[in-house]
Amino acid sequence: MKKILVINGPNINLTGIREPDVYGSRPYDSLVGFIHDKAASMGLEVCVYQSNHEGCIIDRIQQALTESDAIIINPAAYTHTSIAILDALKAVGLPTVEVHLSDISQREEFRRFSYVSLYAEKTISGHGFDGYAMAMEYLAEKY
């Protein structure tokens, strides 16, 4: 395991601004720095990508087929709506871990189902930034 693509979906770029009681008060650039620092300490290379557009996320998943060894994805609101993102993950067949800053199982009913979890081999939810580190650790140990 060397290269991990980290994908963040819609509104994750507003971390620190959007509902800080749910998503935390640290800004998105702190999350990106945290991911890069943790990856470097584990000897991993990461590419962090964020988009508010479903099609762009799908394009990036497809691109990962030739550029990455695994995917960590926080699909945000697309978690609960996007069969297309699920299909893209299945199509590329890369090891995938789903991450959520908040605990989606304790949120509104409509947020409790994840299409991505139908493919992801692990879901880490409710650990804030640390969830990304946990996902990298899991992938580094398994692959």
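**A helix face, an open sheet and two cores**

Modeller: The buried residues of helix α4 (residues 83-92) are Ile85, Leu86, Ala88, Leu89 and Val92, as read from a model that is predicted.

Biologist: How do you know that the buried residues of α4 line one face of the helix?

Modeller: Looking down the axis of α4, one finds its buried residues within an arc of 160°, so they can be said to line one face of the helix. As for what covers these buried residues, α3, β3 and β4 are among the elements that do so.

Biologist: You mention β4; what makes it mostly covered?

Modeller: A residue is called buried when its relative accessible area is under 20%, and in β4 that holds for 5 of its 5 residues, so the strand counts as mostly covered. The cover reaches both faces, with Thr96, Glu98 and His100 buried on one side and Val97 and Val99 buried on the other.

Biologist: Which strand order does the open sheet follow?

Modeller: The 5 strands stand in the order β2-β1-β3-β4-β5, and their pairing is parallel. At the edges are β2 (45-50) and β5 (122-125), each with a single partner strand, so one side of each is left without a neighbour in the sheet. From one strand to the next, the twist averages 20°.

Biologist: What makes β1 and β3 a pair?

Modeller: Two strands pair if at least two bridges are found between them, and strand β1 (residues 3-8) and strand β3 (residues 70-74) have 5 bridges, so they pass that test, in the parallel sense. Leu5 has Ile71 as its bridge partner in β3, and Ile71 in turn has Thr96 as its bridge partner in β4. The pairing of β3 and β4 is likewise parallel, over 3 bridges.

Biologist: Where does helix α3 lie?

Modeller: Helix α3 (residues 54-67) lies across β1, β2 and β3, and runs at about 175° to β1. Helix α5 (residues 130-142) also packs on the sheet, where it touches β1, β2, β3, β4 (96-100) and β5, and its direction makes about 160° with that of β3.

Biologist: Which residues of the largest nonpolar core touch the most other members?

Modeller: They are Ile4, Ile35, Ile72, Tyr132 and Met136, in a core of 23 residues, to which β1, α2 (28-41), β3, β4 and α5 each supply at least two. Leaving aside residues up to four places away in sequence, Met136 touches Ile4, Ile35, Lys38, Ala39, Met42, Leu44, Val46 and Ile72. A second core, separate and of 16 residues, includes Ile71, Tyr78, Ile85 and Val92.

Biologist: Why is Leu139 called buried?

Modeller: Its relative accessible area is 0%, and the limit for buried is under 20%, so Leu139 meets it. Leu139 has its place in helix α5, and its C-alpha is 8.8 Å from that of Ile4, although the two are 135 residues apart in sequence.

Biologist: Why is there no disulfide bond between Cys47 and Cys56?

Modeller: A disulfide needs two cysteine sulfur atoms within 2.5 Å, whereas the sulfur of Cys47 is 14 Å from the closest cysteine sulfur, in Cys56, and that is too far for a bond. A search of the whole structure accordingly finds 0 disulfides.

Biologist: Why does Cys47 count as partly exposed?

Modeller: Buried means under 20% and exposed over 50%, and Cys47, at 33% relative accessibility, falls in between, so partly exposed is the term that applies. Cys56 is partly exposed too, with a relative accessible area of 33%.

Definitions and conventions: Residues numbered from 1 in each chain as written. Predicted model: local features only at pLDDT ≥ 70, side-chain atom pairs only at ≥ 80, totals over all residues. Heavy atoms only, no water. Helix = DSSP H or I, 4+ residues; strand = E, 2+ residues; numbered from the N terminus. Axes fitted to C-alpha atoms, helices over the stretch in contact; angles between N-to-C directions. Contact = heavy atoms within 4.5 Å. Core = buried A, V, L, I, M, F, W, Y, C linked by side-chain atoms within 4.5 Å. Buried < 20%, exposed > 50% of the residue type's maximum accessible area, 1.4 Å probe, protein only. Arc of directions from axis to C-beta.
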